[in-house]
Amino acid sequence: MSALKFPLNPAMAGTAAPPVMEARRWLDGVEFPADRPLINVSQAAPVETPPPAMQQAMADAILHQPDAHLYGAVLGRDDLREALAARWARLYQGTVSRENIAITAGCNQAFAATIACLTQKGDEVIIPTPWYFNHQMWCEMQGVNAVPLPATTNLLPDPDQARALITARTKAIVLVSPNNPAGVEYPAELIAQFRDLARENGLALIVDETYRDFHSVSGAAHDLLSDPDWSDTVIALYSFSKSYRLTGHRVGAIIASAEFHHEVEKFLDTVAICPNQLGQIGALWGIENLDDWLAGERQEILSRRAAIVEGFPALEALGWELLGAGAYFAYIRHPYAISSPDLAKKLVQNAGVLLLPGTMFRAASETIGASEVRVAFANIDKHGISTLYERLAAQKF
Ligand SMILES: Cc1ncc(COP(=O)(O)O)c(C=O)c1O
(Lines give C-alpha, C1' and ligand atoms only; values in the text may rest on other atoms or scores of the structure.)
Protein backbone atom coordinates (compact mmCIF):
# COMPACT_ATOMS: atom_id res chain seq x y z
CA MET A 1 0.00 0.00 0.00
CA SER A 2 1.35 3.42 -0.88
CA ALA A 3 1.27 6.42 1.44
CA LEU A 4 -1.50 8.96 0.87
CA LYS A 5 -0.60 11.86 -1.38
CA PHE A 6 -3.35 14.03 0.11
CA PRO A 7 -3.78 15.45 3.61
CA LEU A 8 -6.20 14.14 6.22
CA ASN A 9 -8.34 16.25 8.49
CA PRO A 10 -6.20 16.30 11.65
CA ALA A 11 -9.31 16.34 13.85
CA MET A 12 -10.49 13.11 12.22
CA ALA A 13 -7.05 11.52 12.17
CA GLY A 14 -6.63 12.38 15.85
CA THR A 15 -9.90 10.71 16.84
CA ALA A 16 -9.63 7.19 18.26
CA ALA A 17 -10.66 4.22 16.12
CA PRO A 18 -14.12 2.72 16.85
CA PRO A 19 -13.64 0.91 20.19
CA VAL A 20 -16.10 -1.94 19.58
CA MET A 21 -14.32 -2.82 16.34
CA GLU A 22 -10.98 -2.73 18.10
CA ALA A 23 -12.26 -5.09 20.76
CA ARG A 24 -13.61 -7.44 18.10
CA ARG A 25 -10.13 -7.74 16.68
CA TRP A 26 -8.97 -9.19 20.00
CA LEU A 27 -11.00 -12.25 19.07
CA ASP A 28 -8.98 -12.88 15.89
CA GLY A 29 -7.27 -16.25 16.00
CA VAL A 30 -8.58 -17.18 19.44
CA GLU A 31 -10.34 -20.55 19.65
CA PHE A 32 -13.30 -20.91 21.98
CA PRO A 33 -13.86 -24.56 22.91
CA ALA A 34 -17.43 -25.91 22.79
CA ASP A 35 -17.47 -26.39 26.57
CA ARG A 36 -16.36 -22.77 27.10
CA PRO A 37 -17.95 -20.63 24.40
CA LEU A 38 -17.24 -16.92 24.16
CA ILE A 39 -19.25 -14.70 26.48
CA ASN A 40 -19.50 -11.46 24.55
CA VAL A 41 -20.48 -8.60 26.83
CA SER A 42 -18.70 -5.94 24.81
CA GLN A 43 -21.53 -4.29 22.92
CA ALA A 44 -24.97 -3.16 23.99
CA ALA A 45 -26.94 -4.66 21.19
CA PRO A 46 -29.90 -7.01 21.20
CA VAL A 47 -28.70 -10.27 19.67
CA GLU A 48 -32.12 -11.46 18.56
CA THR A 49 -34.23 -10.21 15.67
CA PRO A 50 -37.48 -8.24 16.15
CA PRO A 51 -40.64 -10.22 16.95
CA PRO A 52 -41.90 -12.18 13.91
CA ALA A 53 -45.08 -10.10 13.57
CA MET A 54 -42.98 -6.97 13.26
CA GLN A 55 -40.76 -8.58 10.66
CA GLN A 56 -43.89 -9.59 8.79
CA ALA A 57 -45.20 -6.02 8.86
CA MET A 58 -41.88 -4.79 7.49
CA ALA A 59 -41.85 -7.49 4.81
CA ASP A 60 -45.40 -6.52 3.82
CA ALA A 61 -44.29 -2.91 3.55
CA ILE A 62 -41.45 -3.91 1.23
CA LEU A 63 -43.85 -5.74 -1.03
CA HIS A 64 -46.93 -3.56 -0.90
CA GLN A 65 -45.96 -0.06 0.20
CA PRO A 66 -44.12 1.69 -2.62
CA ASP A 67 -43.03 4.61 -0.45
CA ALA A 68 -40.95 2.18 1.62
CA HIS A 69 -38.45 2.33 -1.23
CA LEU A 70 -38.47 6.06 -1.93
CA TYR A 71 -37.03 9.22 -0.46
CA GLY A 72 -39.27 10.57 2.25
CA ALA A 73 -39.51 13.68 4.41
CA VAL A 74 -36.18 14.84 5.80
CA LEU A 75 -37.43 14.99 9.38
CA GLY A 76 -39.15 11.61 9.09
CA ARG A 77 -42.53 10.12 8.34
CA ASP A 78 -45.44 12.13 9.70
CA ASP A 79 -47.16 9.09 11.20
CA LEU A 80 -44.07 8.08 13.15
CA ARG A 81 -43.42 11.65 14.30
CA GLU A 82 -47.05 11.92 15.48
CA ALA A 83 -46.90 8.58 17.27
CA LEU A 84 -43.63 9.29 19.03
CA ALA A 85 -44.80 12.76 20.03
CA ALA A 86 -48.01 11.31 21.49
CA ARG A 87 -46.02 8.68 23.37
CA TRP A 88 -43.61 11.20 24.88
CA ALA A 89 -46.40 13.64 25.72
CA ARG A 90 -48.26 10.89 27.57
CA LEU A 91 -45.22 9.43 29.25
CA TYR A 92 -43.71 12.70 30.41
CA GLN A 93 -46.98 14.58 30.96
CA GLY A 94 -45.88 17.38 28.69
CA THR A 95 -46.69 19.15 25.48
CA VAL A 96 -44.92 17.35 22.66
CA SER A 97 -46.20 17.50 19.12
CA ARG A 98 -45.08 16.28 15.72
CA GLU A 99 -43.10 19.49 15.13
CA ASN A 100 -40.97 18.60 18.15
CA ILE A 101 -39.84 15.31 16.63
CA ALA A 102 -37.07 14.73 14.11
CA ILE A 103 -36.48 11.13 13.10
CA THR A 104 -32.83 10.30 12.52
CA ALA A 105 -30.69 7.39 11.37
CA GLY A 106 -30.24 6.12 14.91
CA CYS A 107 -29.46 8.01 18.08
CA ASN A 108 -25.84 8.46 17.10
CA GLN A 109 -26.96 10.56 14.16
CA ALA A 110 -29.35 12.38 16.48
CA PHE A 111 -26.38 13.34 18.63
CA ALA A 112 -24.24 14.29 15.65
CA ALA A 113 -27.00 16.50 14.21
CA THR A 114 -27.62 18.13 17.57
CA ILE A 115 -23.97 18.97 18.18
CA ALA A 116 -23.54 20.17 14.60
CA CYS A 117 -26.44 22.58 15.09
CA LEU A 118 -25.18 23.87 18.45
CA THR A 119 -21.46 24.22 18.08
CA GLN A 120 -18.66 25.46 15.92
CA LYS A 121 -14.97 24.60 15.99
CA GLY A 122 -13.38 25.51 19.30
CA ASP A 123 -16.62 25.32 21.28
CA GLU A 124 -17.02 23.16 24.36
CA VAL A 125 -19.55 20.56 25.45
CA ILE A 126 -19.58 19.25 29.00
CA ILE A 127 -20.01 15.47 29.24
CA PRO A 128 -19.95 13.45 32.47
CA THR A 129 -17.36 10.69 32.53
CA PRO A 130 -17.22 7.81 32.13
CA TRP A 131 -18.80 8.83 28.83
CA TYR A 132 -20.25 7.12 25.78
CA PHE A 133 -17.23 7.12 23.50
CA ASN A 134 -19.11 8.07 20.32
CA HIS A 135 -20.22 11.31 21.98
CA GLN A 136 -16.62 12.28 22.63
CA MET A 137 -15.53 11.07 19.20
CA TRP A 138 -18.10 13.16 17.34
CA CYS A 139 -17.11 16.26 19.27
CA GLU A 140 -13.44 15.63 18.64
CA MET A 141 -13.83 15.13 14.91
CA GLN A 142 -15.79 18.40 14.74
CA GLY A 143 -13.01 20.28 16.53
CA VAL A 144 -15.33 20.67 19.50
CA ASN A 145 -13.83 20.12 22.94
CA ALA A 146 -15.62 17.41 24.95
CA VAL A 147 -14.97 18.63 28.49
CA PRO A 148 -14.98 15.72 30.95
CA LEU A 149 -17.08 16.13 34.08
CA PRO A 150 -15.90 13.21 36.23
CA ALA A 151 -18.83 11.54 37.96
CA THR A 152 -18.67 11.54 41.73
CA THR A 153 -20.51 9.47 44.34
CA ASN A 154 -22.50 6.60 42.81
CA LEU A 155 -21.19 7.66 39.41
CA LEU A 156 -23.53 10.65 39.36
CA PRO A 157 -22.39 14.00 37.92
CA ASP A 158 -22.39 17.03 40.20
CA PRO A 159 -24.08 20.20 38.87
CA ASP A 160 -21.79 22.43 40.95
CA GLN A 161 -18.74 20.87 39.40
CA ALA A 162 -20.35 21.30 36.00
CA ARG A 163 -20.95 24.97 36.78
CA ALA A 164 -17.25 25.43 37.44
CA LEU A 165 -16.44 24.05 33.96
CA ILE A 166 -18.66 26.47 32.05
CA THR A 167 -16.76 28.97 29.91
CA ALA A 168 -17.70 31.45 27.21
CA ARG A 169 -17.22 28.61 24.67
CA THR A 170 -19.54 26.13 26.41
CA LYS A 171 -22.64 25.39 24.33
CA ALA A 172 -24.21 22.30 25.90
CA ILE A 173 -24.24 19.76 28.69
CA VAL A 174 -24.87 16.14 27.78
CA LEU A 175 -26.51 13.64 30.11
CA VAL A 176 -27.15 9.97 29.33
CA SER A 177 -29.74 8.36 31.57
CA PRO A 178 -29.94 5.44 32.14
CA ASN A 179 -26.24 5.77 31.58
CA ASN A 180 -23.92 4.09 29.16
CA PRO A 181 -21.40 2.97 30.34
CA ALA A 182 -21.99 3.53 34.05
CA GLY A 183 -25.38 1.83 34.25
CA VAL A 184 -26.71 4.41 36.72
CA GLU A 185 -30.07 6.13 36.45
CA TYR A 186 -29.90 9.82 37.18
CA PRO A 187 -32.54 10.93 39.71
CA ALA A 188 -35.22 13.28 38.34
CA GLU A 189 -34.11 16.06 40.73
CA LEU A 190 -30.53 15.84 39.49
CA ILE A 191 -31.63 16.05 35.87
CA ALA A 192 -33.79 19.08 36.75
CA GLN A 193 -30.79 20.73 38.44
CA PHE A 194 -28.79 20.29 35.25
CA ARG A 195 -31.68 21.77 33.27
CA ASP A 196 -31.70 24.81 35.56
CA LEU A 197 -27.94 25.16 35.27
CA ALA A 198 -28.13 24.96 31.50
CA ARG A 199 -30.97 27.46 31.31
CA GLU A 200 -29.29 29.97 33.64
CA ASN A 201 -26.21 29.87 31.45
CA GLY A 202 -27.92 29.87 28.07
CA LEU A 203 -26.82 26.33 27.23
CA ALA A 204 -28.63 23.37 25.73
CA LEU A 205 -29.23 20.35 27.95
CA ILE A 206 -28.96 17.25 25.78
CA VAL A 207 -30.45 14.16 27.41
CA ASP A 208 -29.72 10.91 25.60
CA GLU A 209 -32.50 8.47 26.54
CA THR A 210 -31.43 5.53 24.40
CA TYR A 211 -32.14 3.18 27.34
CA ARG A 212 -35.27 4.86 28.67
CA ASP A 213 -37.50 1.88 27.96
CA PHE A 214 -35.40 -0.19 30.38
CA HIS A 215 -35.47 2.30 33.25
CA SER A 216 -36.34 0.77 36.61
CA VAL A 217 -38.94 3.54 37.05
CA SER A 218 -41.87 2.53 34.88
CA GLY A 219 -43.38 5.99 34.37
CA ALA A 220 -41.66 9.31 33.79
CA ALA A 221 -38.05 9.12 34.90
CA HIS A 222 -37.72 12.91 34.88
CA ASP A 223 -40.05 15.88 34.75
CA LEU A 224 -38.24 17.94 32.14
CA LEU A 225 -41.07 17.89 29.62
CA SER A 226 -43.82 18.85 32.05
CA ASP A 227 -42.18 22.27 32.14
CA PRO A 228 -44.19 24.31 29.57
CA ASP A 229 -40.97 25.97 28.42
CA TRP A 230 -38.98 22.74 28.17
CA SER A 231 -37.96 23.23 24.57
CA ASP A 232 -36.09 26.48 25.25
CA THR A 233 -33.33 24.38 26.84
CA VAL A 234 -33.94 20.65 26.60
CA ILE A 235 -33.04 18.43 23.66
CA ALA A 236 -33.90 14.77 24.25
CA LEU A 237 -32.52 11.97 22.11
CA TYR A 238 -34.11 8.56 21.66
CA SER A 239 -33.27 5.31 19.93
CA PHE A 240 -35.51 2.60 18.51
CA SER A 241 -32.48 0.31 18.29
CA LYS A 242 -32.60 -1.46 21.63
CA SER A 243 -36.30 -1.17 22.40
CA TYR A 244 -37.47 -2.87 19.20
CA ARG A 245 -34.29 -4.74 18.21
CA LEU A 246 -33.95 -2.51 15.17
CA THR A 247 -30.22 -1.79 15.41
CA GLY A 248 -29.57 -2.58 11.75
CA HIS A 249 -32.41 -0.40 10.48
CA ARG A 250 -31.05 2.80 12.09
CA VAL A 251 -33.94 4.71 13.61
CA GLY A 252 -33.65 7.30 16.37
CA ALA A 253 -35.12 10.69 17.20
CA ILE A 254 -34.47 14.19 18.46
CA ILE A 255 -37.17 15.69 20.65
CA ALA A 256 -36.67 19.45 20.66
CA SER A 257 -38.25 22.76 19.65
CA ALA A 258 -39.55 23.19 16.10
CA GLU A 259 -37.15 26.11 15.78
CA PHE A 260 -34.20 23.85 16.52
CA HIS A 261 -35.47 21.28 14.01
CA HIS A 262 -35.33 23.97 11.35
CA GLU A 263 -31.54 23.70 11.72
CA VAL A 264 -31.54 19.93 12.22
CA GLU A 265 -33.35 19.55 8.91
CA LYS A 266 -30.41 21.12 7.08
CA PHE A 267 -27.99 18.63 8.62
CA LEU A 268 -30.17 15.59 7.99
CA ASP A 269 -31.00 16.60 4.43
CA THR A 270 -27.34 16.96 3.62
CA VAL A 271 -26.18 13.80 5.35
CA ALA A 272 -28.91 11.24 4.69
CA ILE A 273 -31.77 13.03 2.85
CA CYS A 274 -34.26 11.00 4.86
CA PRO A 275 -34.20 8.34 7.53
CA ASN A 276 -34.48 4.72 6.46
CA GLN A 277 -38.10 4.22 5.41
CA LEU A 278 -38.37 0.56 6.32
CA GLY A 279 -36.89 1.17 9.74
CA GLN A 280 -39.41 3.94 10.34
CA ILE A 281 -42.26 1.68 9.28
CA GLY A 282 -41.01 -0.95 11.71
CA ALA A 283 -40.62 1.62 14.48
CA LEU A 284 -44.18 2.85 14.02
CA TRP A 285 -45.48 -0.70 14.01
CA GLY A 286 -43.58 -1.25 17.24
CA ILE A 287 -45.13 1.80 18.90
CA GLU A 288 -48.59 0.72 17.80
CA ASN A 289 -48.35 -2.98 18.62
CA LEU A 290 -45.54 -3.88 20.96
CA ASP A 291 -46.26 -2.22 24.30
CA ASP A 292 -46.84 -5.51 26.12
CA TRP A 293 -43.88 -7.14 24.44
CA LEU A 294 -41.64 -4.20 25.34
CA ALA A 295 -42.83 -4.33 28.94
CA GLY A 296 -41.74 -7.97 28.99
CA GLU A 297 -38.34 -7.09 27.55
CA ARG A 298 -37.91 -4.46 30.22
CA GLN A 299 -38.74 -6.97 32.95
CA GLU A 300 -36.18 -9.38 31.52
CA ILE A 301 -33.45 -6.70 31.50
CA LEU A 302 -34.37 -5.69 35.04
CA SER A 303 -34.14 -9.32 36.16
CA ARG A 304 -30.69 -9.58 34.56
CA ARG A 305 -29.69 -6.46 36.39
CA ALA A 306 -30.90 -8.06 39.63
CA ALA A 307 -28.77 -11.12 38.83
CA ILE A 308 -25.74 -8.84 38.31
CA VAL A 309 -26.27 -7.27 41.73
CA GLU A 310 -27.21 -10.44 43.61
CA GLY A 311 -24.30 -12.49 42.29
CA PHE A 312 -21.70 -9.77 42.78
CA PRO A 313 -20.63 -10.58 46.38
CA ALA A 314 -18.66 -13.56 45.00
CA LEU A 315 -16.49 -11.15 43.01
CA GLU A 316 -16.52 -8.52 45.73
CA ALA A 317 -14.87 -11.01 48.04
CA LEU A 318 -12.01 -11.09 45.54
CA GLY A 319 -11.63 -7.31 45.44
CA TRP A 320 -13.91 -6.40 42.54
CA GLU A 321 -16.26 -3.45 43.05
CA LEU A 322 -19.61 -2.91 41.37
CA LEU A 323 -19.76 0.82 40.68
CA GLY A 324 -23.03 0.91 38.76
CA ALA A 325 -25.61 -1.45 37.27
CA GLY A 326 -28.59 -0.51 35.14
CA ALA A 327 -29.80 -0.06 31.59
CA TYR A 328 -27.71 -2.60 29.69
CA PHE A 329 -24.54 -2.18 31.72
CA ALA A 330 -22.52 -2.96 34.80
CA TYR A 331 -19.53 -0.72 35.43
CA ILE A 332 -16.97 -2.48 37.56
CA ARG A 333 -13.61 -1.80 39.22
CA HIS A 334 -11.22 -4.72 38.88
CA PRO A 335 -8.71 -5.64 41.59
CA TYR A 336 -5.61 -6.28 39.47
CA ALA A 337 -2.44 -4.28 38.98
CA ILE A 338 -2.63 -4.64 35.18
CA SER A 339 -4.43 -2.00 33.14
CA SER A 340 -7.96 -2.66 31.92
CA PRO A 341 -7.01 -2.89 28.20
CA ASP A 342 -4.45 -5.58 29.05
CA LEU A 343 -6.91 -7.28 31.35
CA ALA A 344 -9.61 -7.25 28.68
CA LYS A 345 -7.30 -8.88 26.13
CA LYS A 346 -6.21 -11.51 28.64
CA LEU A 347 -9.82 -12.27 29.55
CA VAL A 348 -10.50 -13.15 25.92
CA GLN A 349 -7.67 -15.70 25.98
CA ASN A 350 -7.94 -16.98 29.53
CA ALA A 351 -11.65 -16.75 30.31
CA GLY A 352 -13.43 -16.60 26.96
CA VAL A 353 -14.93 -13.23 27.97
CA LEU A 354 -15.04 -10.11 25.82
CA LEU A 355 -15.72 -6.93 27.77
CA LEU A 356 -14.57 -3.36 27.28
CA PRO A 357 -11.91 -1.58 29.34
CA GLY A 358 -12.83 1.59 31.22
CA THR A 359 -10.13 3.48 29.33
CA MET A 360 -12.46 3.48 26.33
CA PHE A 361 -14.97 5.54 28.31
CA ARG A 362 -12.63 8.04 29.92
CA ALA A 363 -10.72 11.10 28.84
CA ALA A 364 -7.01 10.40 28.31
CA SER A 365 -6.29 12.38 31.47
CA GLU A 366 -8.45 10.07 33.61
CA THR A 367 -6.09 7.25 34.52
CA ILE A 368 -8.76 5.68 36.70
CA GLY A 369 -10.15 4.02 33.55
CA ALA A 370 -7.26 1.54 33.77
CA SER A 371 -8.92 -0.06 36.78
CA GLU A 372 -12.45 -0.17 35.33
CA VAL A 373 -14.36 -2.41 32.91
CA ARG A 374 -17.82 -2.28 31.35
CA VAL A 375 -19.99 -5.36 31.08
CA ALA A 376 -22.96 -5.14 28.68
CA PHE A 377 -24.95 -7.68 30.67
CA ALA A 378 -28.17 -7.30 28.70
CA ASN A 379 -26.64 -9.62 26.14
CA ILE A 380 -26.61 -12.61 28.48
CA ASP A 381 -29.31 -14.28 30.55
CA LYS A 382 -29.12 -15.08 34.26
CA HIS A 383 -27.32 -18.34 33.65
CA GLY A 384 -24.81 -16.50 31.44
CA ILE A 385 -24.28 -13.94 34.19
CA SER A 386 -23.42 -16.61 36.75
CA THR A 387 -21.06 -18.29 34.26
CA LEU A 388 -19.45 -14.90 33.61
CA TYR A 389 -18.91 -14.38 37.33
CA GLU A 390 -17.44 -17.88 37.74
CA ARG A 391 -15.01 -17.27 34.93
CA LEU A 392 -13.96 -13.86 36.27
CA ALA A 393 -13.56 -15.23 39.79
CA ALA A 394 -11.22 -17.94 38.51
CA GLN A 395 -8.76 -15.41 37.08
CA LYS A 396 -5.46 -14.50 38.74
CA PHE A 397 -3.12 -11.81 37.43
C1 LIG B 1 -25.94 6.35 24.97
C2 LIG B 1 -26.11 5.87 23.57
N3 LIG B 1 -26.51 6.74 22.64
C4 LIG B 1 -26.67 6.37 21.37
C5 LIG B 1 -26.42 5.07 20.97
C6 LIG B 1 -26.57 4.72 19.54
O7 LIG B 1 -27.84 4.23 19.29
P8 LIG B 1 -28.40 4.05 17.81
O9 LIG B 1 -28.28 2.60 17.49
O10 LIG B 1 -29.82 4.48 17.90
O11 LIG B 1 -27.59 4.93 16.92
C12 LIG B 1 -25.99 4.13 21.90
C13 LIG B 1 -25.69 2.75 21.48
O14 LIG B 1 -24.98 2.02 22.10
C15 LIG B 1 -25.82 4.55 23.23
O16 LIG B 1 -25.40 3.70 24.16
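**Exercise 1. Locate Pro-181 and describe the peptide bond that precedes Pro-181.**

Step 1: Pro-181 sits in the loop that runs between β5 and α8. Helices (H or I, at least four residues) and strands (E, at least two) are DSSP runs, numbered from the N terminus.

Step 2: The bond between Asn-180 and Pro-181 is cis, with omega about 15°.

Step 3: Now look at Pro-178, which is found in the loop between β5 (170-176) and α8 (188-200). The bond from Ser-177 to Pro-178 is cis too, with omega near -10°.

Before you go on, two notes. This is a predicted model: local features need pLDDT of at least 70, side-chain atom pairs count only at pLDDT 80 or more, and totals for chains, interfaces and linings use all residues. Residues are numbered from 1 along each chain as its sequence is written, and side-chain values use heavy atoms, leaving out hydrogens and water.

**Exercise 2. Find out whether Leu-155, with its positive phi, is buried or exposed.**

Step 1: Leu-155 is not a glycine, yet its phi is positive, about 60°. Most residues other than glycine have a negative phi.

Step 2: Place Leu-155 in the loop between β4 (145-150) and α7 (159-165).

Step 3: With a relative accessible area of 9%, Leu-155 is buried (buried means under 20% relative accessible area, exposed over 50%, partly exposed in between; 1.4 Å probe, protein chains only).

Step 4: Try Arg-250, in the loop between β7 (234-239) and β8 (252-255). Arg-250 also has a positive phi of about 60°, but is partly exposed at 33%.

**Exercise 3. Work out where the second largest pocket lies relative to the two domains.**

Step 1: Start with the term. On a 1 Å grid over the protein atoms alone, a cavity is a set of points where a 1.4 Å probe fits but cannot get out, and a pocket is an open set with protein on both sides within 12 Å along at least five of seven lines; lining residues have an atom within 4 Å of a point.

Step 2: Inspect the lining, which includes Arg-87, Trp-88, Asp-213, Tyr-238 and Arg-298. At least two lining residues come from each of α4 (78-92) and α11 (291-311).

Step 3: Domain 1 (10-49 + 293-393) and domain 2 (53-290) both contribute to this lining, so the second largest pocket lies between them. The domain bounds come from an automatic or database domain assignment.
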